[in-house]
Amino acid sequence: MTQMSLPFESRYWPLRAYYDVYYRSIEETETFWAEQARQLEWFKTWDKTLEWDPPFARWFVGGQLNAAYICVDKHAQSWRRSKVAIYWEGEPGDTRTLSYSTLYREVKRFASVLQDLGVGKGDRVALYLPMIPELAVFMLACARIGAIHTVIFSGFSARALADRINDTQAKLLVTADGGFRGGKTLPLKEIADEAVAMSPSVEKVIVVKRTGGAVNIRPPRDHWLHDLLAQTSDLSAPEPIDSNHPLYILYTSGTTGKPKGIVHSTGGYLVHNYCAYKWVFDIREESVYWCSADVGWVTGHSSIVYAPLAHGATIVLYEGAPDYPAVDRWWDIIEKYGVTIFYTSPTAIRMFMKYGEEGPRKHDLRSLELLGSVGEPINPEAWLWYYKNIGGERCPIVDTWWQTETGGIMISPTPGIGCIPLKPGSAAMPLPGVDVAVVDEKGGEVPSEERGQLVIRKPWPGMLQGIWGNPQRYREAYWSRFPGMYYTGDYAIKDKDGYFWILGRADEVLKVAGHRLGTAELEDAAVSYPLLAEAAVVGRADPIKGESIVIFVIPKEGVSPSSDLKKGLIEHMRQTVGPIATPDEVYFVAKLPKTRSGKVMRRVLKAVAENASVGDLTTLEDEASVEEVMRSYRELGPQRV
Ligand code: PRX
């Protein structure tokens, strides 16, 4: 890594090290991944590396392992037993340090609590918790007994929580009395109660005490975690789990209103993530690694819990808001724990750019060696600010492209393999074993420097096993657009040096502050408001959040547009999906521009919202609707919320 002191200016870094590994990995993909898989501890070796029955992949078939054993037991039974696994910091400033042996004890005890409540292999457990160590411990406890966890981001509403519980048919829900965020407390138990009332599959609720606020515990359904822990026997041994047994289900937004339950395997997922962390983050024994994402997203699953712990690394976990109580909170944490690898999102970087250089300047950030970015395209300006003000012009930045569905990082610079010159704004090259391409509408590879759709041409170990309970949707969403290739939904360019530039979503999915939201999901939420007839959502370029939510709505017959109506709609969307679904701008219109087949022309609405040319309107059913939308936009002006 020291070679990278001039990471993007030199043209002469040895790309060869990377190419040597990469080309062989693509020529002999299965052999390559089998070699990698041998680095993990298997209770039983696999019989077959890959069973590819398109579009269903099964990796390391017949192999048995246990994710919690790999992430915890193994270290607790080695010299790492006294090494710090988790430095946790709560938003109010309280802290906890968990060594690998403490983590081991906790995971075992939590696993035995799950067993006491009748949870076994294959059962689904919903986790609706703030960013506290118990969240990671419960994930690992599920993995230890082969239960399938589904983590629901603590910012989601009761409705969103209930939808996810109902889809998985989880029999247990774990929540907390509350959590701290931005100086406020989130009433998680209250929201959970509302959700459980709509979720008949839930038999038991475990409540973790975090804030100490008053909550309603309803026996025999609800139990405090500390009471259960006091009674449990602590005897559970890690179960040998089939490589293709699901480790977890994680919901993400797609192009329809209903989020997709992405299912990840145990063996392939762990192999992919173990390797990615070595290659991308060059993770070492002495690393102190902090990923600022929420555990509720895939970044939190792979990049906070499974990959770093599989390496026996020390991680930092922070509960609260980035700028609370002051805008230098994150830089304070980096200094305090001596963070060496820091991984965050472009939205966070742009927010800190707005706050200025004072915050980072107040702290000694010289422990940092490597920086990472994830979740959305990073603009070169933000990249350079991050490089200069956080990395002190010393640390390479790995811009990592991946998705909930890919399970692990797919495109990124790989300092752990060999240094390559970095280009601010480009995610660089695919990881070994990952075959990506940029194609045109017919699936043919486009010439370099031309925009096309990003596809993946070969199965990879971390790839999703499918959509929970919906194989047909899995086929349609990912494998029907370009037969034989996985459709990512992203536009990209491959430049003449072979670097990938990810340009953003090509489908009807928004990336708002890195959060993934489907336009259909937001529209469904809007029209469930009783005073509205129709709604159309578009994303508008936003200098900080990447995209912001703009919504055009038609009120029902006899309902007049008003600021109360707008407020009511916004509150309703927050209640239905969660605060991340808060629209930034609301426009009342009488008509929406539609094609003759009745499809809303979002392209036109987006152009109106961005003050751009509306382009070709030949497929439009009624040109007056565009005039109408434009008039509303001009006359009312942007009604910022
Ligand atoms: O559009 C891409 C964007 O995030 C999408 C995946 O979102 P999600 O499943 O929520 O997972 C995010 C965290 C892994 C992608 O389709 N995206 C992710 N990373 C990048 C990115 N866009 C550009 N550059 C990236 N590094």
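**Note on a helix crossing and selected salt bridges**

1. The axes of helix H2 (residues 29-37) and helix H9 come within 10 Å and cross at roughly 85°. The two helices are therefore roughly perpendicular to each other, since angles of 65 to 115 degrees count as such. The model in which this crossing appears is a predicted one.

2. On the H2 side, the contact is made by Phe-32, Trp-33, Gln-36 and Ala-37. On the H9 side, Val-271, His-272, Cys-275, Lys-278 and Trp-279 take part. Sorted by character, the residues of this contact divide into 6 nonpolar, 2 polar and 1 charged.

3. Turning to charged pairs, the structure holds 45 salt bridges. Among them is the one between the side chains of Glu-285 and Lys-83, with an N to O distance of 2.6 Å. Glu-285 lies in the loop between helix H9 (267-281) and strand E16 (288-291), and Lys-83 in the loop between helix H3 (67-76) and strand E4 (84-89), so the pair ties together parts that are 202 residues apart in sequence.

4. Are the two partners of this pair buried or exposed? Glu-285 has a relative accessible area of 31% and is partly exposed. Lys-83, with a relative accessible area of 12%, is buried, because the cut-off for burial is under 20%.

5. A salt bridge also joins the side chains of Asp-222 and Lys-189, at 2.8 Å from N to O. This pair links distant parts of the chain: Asp-222 sits in strand E12 (residues 222-224) and Lys-189 in helix H7 (residues 188-196), 33 residues apart. Both Asp-222 and Lys-189 are buried.

6. Which residues are linked with Asp-222 and Lys-189 in a network of salt bridges? They are Asp-193, Arg-218 and Arg-221.

7. The side chains of Asp-435 and Arg-457 meet in a salt bridge as well, with 3.1 Å between N and O. Here too the pair links distant parts of the chain, 22 residues apart. Asp-435 is in the loop between strand E20 (397-400) and strand E21 (436-439), while Arg-457 is in the loop between strand E22 (451-456) and strand E23 (466-467).

8. As for accessibility in this last pair, Asp-435 counts as buried at 10% relative accessibility. Arg-457 is partly exposed, and its relative accessible area is 35%.

Note on methods
Residues numbered from 1 in each chain as written. Predicted model: local features only at pLDDT ≥ 70, side-chain atom pairs only at ≥ 80, totals over all residues. Heavy atoms only, no water. Salt bridge = Lys/Arg side-chain N within 4 Å of Asp/Glu carboxyl O. Helix = DSSP H or I, 4+ residues; strand = E, 2+ residues; numbered from the N terminus. Buried < 20%, exposed > 50% of the residue type's maximum accessible area, 1.4 Å probe, protein only. Axes fitted to C-alpha atoms, helices over the stretch in contact; angles between N-to-C directions. Parallel < 35°, antiparallel > 145°, perpendicular 65-115°, else oblique. Contact = heavy atoms within 4.5 Å. Nonpolar A, V, L, I, M, F, W, Y, C, P; charged D, E, K, R; others polar.
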